[in-house]
Amino acid sequence: MWQEIYADLHIHIGRTYKGRAVKITGSKNLTLTNILETATSRKGLDLIGIIDCHSPEVIEEVEHLLLEQKATELAEGGIRYKKTTLILGTEIEIYDANCHGPIHVLCYIPTLTKMKQFSNWLRLHQKNIHLSTQRTRCDGHTLQQKVHELGGLFIPAHVFTPFKSLFGRGVKSSLTEVFDSNLIDGIELGLSSDTMMVKGISELAPYSFVTNSDAHSLGKLAREYQKIQVQDVNFEELRKALHKMEGRQIIANYGLNPLLGKYHETVCANCGEQLIEEGHSRCPHCGKEQLIKGVAKRIVELTDNPQLEISRPPYIHQVPLDFIPGIGAKTIEKMLDAFGTEMNILHEASFEELKSVIPEKLAVLIDLSRKGQIAITGGGGGVYGKIDMN
């Protein structure tokens with residue numbers, strides 16, 4: 001029996017259940033249990049990837065949930081909590097001799113036992129096993145081989161962002177400079193790009209694209225996500241969907257309009273001005289050589305076949321509720337009371353149903369954002385774009 005599920009595969013942990021920091025920049029209430037509860041009861045996510053599960057105290061918390069029978073480990077991989085399945089993952093930074101800059105990657109492991117093995121292996125290659133996204137003292141190929149030895153999945157993260165990403169900093173022109181192309185299970189696009197922008201990069205043609213939130217707070221869960229066709233919600237079904245096996249597949253990506261991404265345009269780090277024109281090595285406004293190359297410009301540099309035609313699922317531009325002017329916490333709670341989850345608000349509630357619960361002008365904005373008809377001012381240099389109300 002086919003199911004269509006919603007999945008966000010890049011969620012950080014801010015603190016362990018004992019209060020120990022994992023992702024330093026993450027919210028203090030971003031704990032494993034809080035994420036699971038928010039995903040299942042508020043966001044309406046069926047599948048989540050938490051990418052700090054290598055941390056020993058996070059492993060302990062998973063064990064407690066299993067012992068207390070609040071969660072169940074699945075035979076096909078993953079941990080079921082109420083209506084949501086957790087995929088155990090870790091984000092890792094590599095910077096080996098072949099890299100031109102640090103690269104972040106996502107590694108997903110099917111079972112808790114194998115995640116313990118992976119955590120113990122990482123101890124040999126990292127300075128602090130308790131923290132998120134630590135630099136790992138091994139080359140990309142070795143890391144890929146270890147992940148696949150454990151039956152895992154390997155996905156380069158937010159691949160075009162200017163800092164700590166595959167194409168943003170790590171390689172000059174090809175992923176094969178650092179990785180074995182046969183041991184990559186998908187490509188995470190990141191908040192400042194979409195499928196249409198990158199369709200002309202021919203070496204990405206074999207891979208499924210994933211769109212994830214990279215959440216550092218509970219509210220940012222499902223900022224970006226995908227709809228996946230599977231027969232069950234577990235690790236092996238995710239693997240098959242990424243590789244389009246036996247009818248499993250990603251059927252839609254939902255993400256920010258790239259203009260809303262905080263690295264879309266080239267920006268001067270010194271004065272903050274955007275540079276739309278090409279060819280500048282210095283900022284024309286302040287004269288400094290502190291330009292942060294935008295994702296849009298980097299993708300143009302990498303595009304080698306603009307006419308390439310690859311059949312891919314639709315990429316649907318979606319504005320998160322908390323990005324829309326006038327929609328604050330109280331309005332969101334009101335809609336949740338009426339419609340249950342954010343997925344229901346974004347995908348199921350009609351315009352008429354929305355305006356019966358919230359002011360019509362806000363219902364209009366939500367409806368326009370769902371149709372991709374809302375005006376946006378582009379972001380860059382670490383600052384998100386904005387909804388243009390003029």
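**Notebook: strands, a helix pair and one isoleucine**

Started with S11 (residues 225–230) and S12, which pair in the antiparallel sense over 5 bridges. I'm working from a predicted model here. For a register check, I looked up lysine 227 and found it opposite alanine 252 in S12.

Next I went to the other partner of S12, strand S16 (residues 315–317). These two run parallel and are joined by 3 bridges. Tyrosine 254 stands opposite isoleucine 316 in S16. How many residues of S12 (residues 249–255) are buried? I get 5 of 7, so I noted the strand as mostly covered.

**S2 and its neighbours**

Moved to strand S2 (residues 47–50). I wanted to know which residues cover each face. Leu47 and Gly49 lie on one side, Ile48 and Ile50 on the other, and all of these are buried. I kept the textbook pattern in mind: side chains in a regular strand alternate between the two faces of the sheet.

Then I listed the pairings. Strand S1 (residues 3–11) runs parallel to S2, with 3 bridges between them. Isoleucine 11 has isoleucine 50 as its bridge partner in S2. I traced the chain from S1 through H1 to S2 and logged this β-α-β crossover as right-handed. S2 also runs parallel to strand S5 (residues 84–94), this time with 4 bridges. There, isoleucine 48 stands opposite leucine 86 of S5.

**H1 against H2**

Since H1 came up in the crossover, I checked how it packs. Two packed helices are described by the angle and the distance between their axes, and I pulled both. The axes of H1 (residues 32–43) and H2 (residues 56–67) come within 10 Å and cross at roughly 60 degrees. That makes H1 oblique to H2.

Which residues make the contact? From H1 I have Leu32, Thr33 and Leu36, and from H2 Val58, Glu61, Val62 and Leu65. Sorted by character, the residues of this contact come out as 5 nonpolar, 1 polar and 1 charged.

**Isoleucine 376**

Last lookup: isoleucine 376, which is found in strand S17 (residues 376–377). Buried or exposed? Its relative accessible area is 18%, and the cut-off for buried is under 20%, so isoleucine 376 counts as buried.

I then asked what isoleucine 376 touches, not counting residues up to four places away in sequence. My list reads Asn257, Leu259, Leu260, Lys386, Ile387 and Asp388. For asparagine 257 I also pulled the C-alpha separation from isoleucine 376: 8.4 Å, with the two residues 119 apart along the chain.

Definitions and conventions
Residues numbered from 1 in each chain as written. Predicted model: local features only at pLDDT ≥ 70, side-chain atom pairs only at ≥ 80, totals over all residues. Heavy atoms only, no water. Axes fitted to C-alpha atoms, helices over the stretch in contact; angles between N-to-C directions. Parallel < 35°, antiparallel > 145°, perpendicular 65-115°, else oblique. Contact = heavy atoms within 4.5 Å. Nonpolar A, V, L, I, M, F, W, Y, C, P; charged D, E, K, R; others polar. Buried < 20%, exposed > 50% of the residue type's maximum accessible area, 1.4 Å probe, protein only. Pairing = 2+ DSSP bridges. Right-handed = clockwise from strand over helix to strand, strands pointing away.
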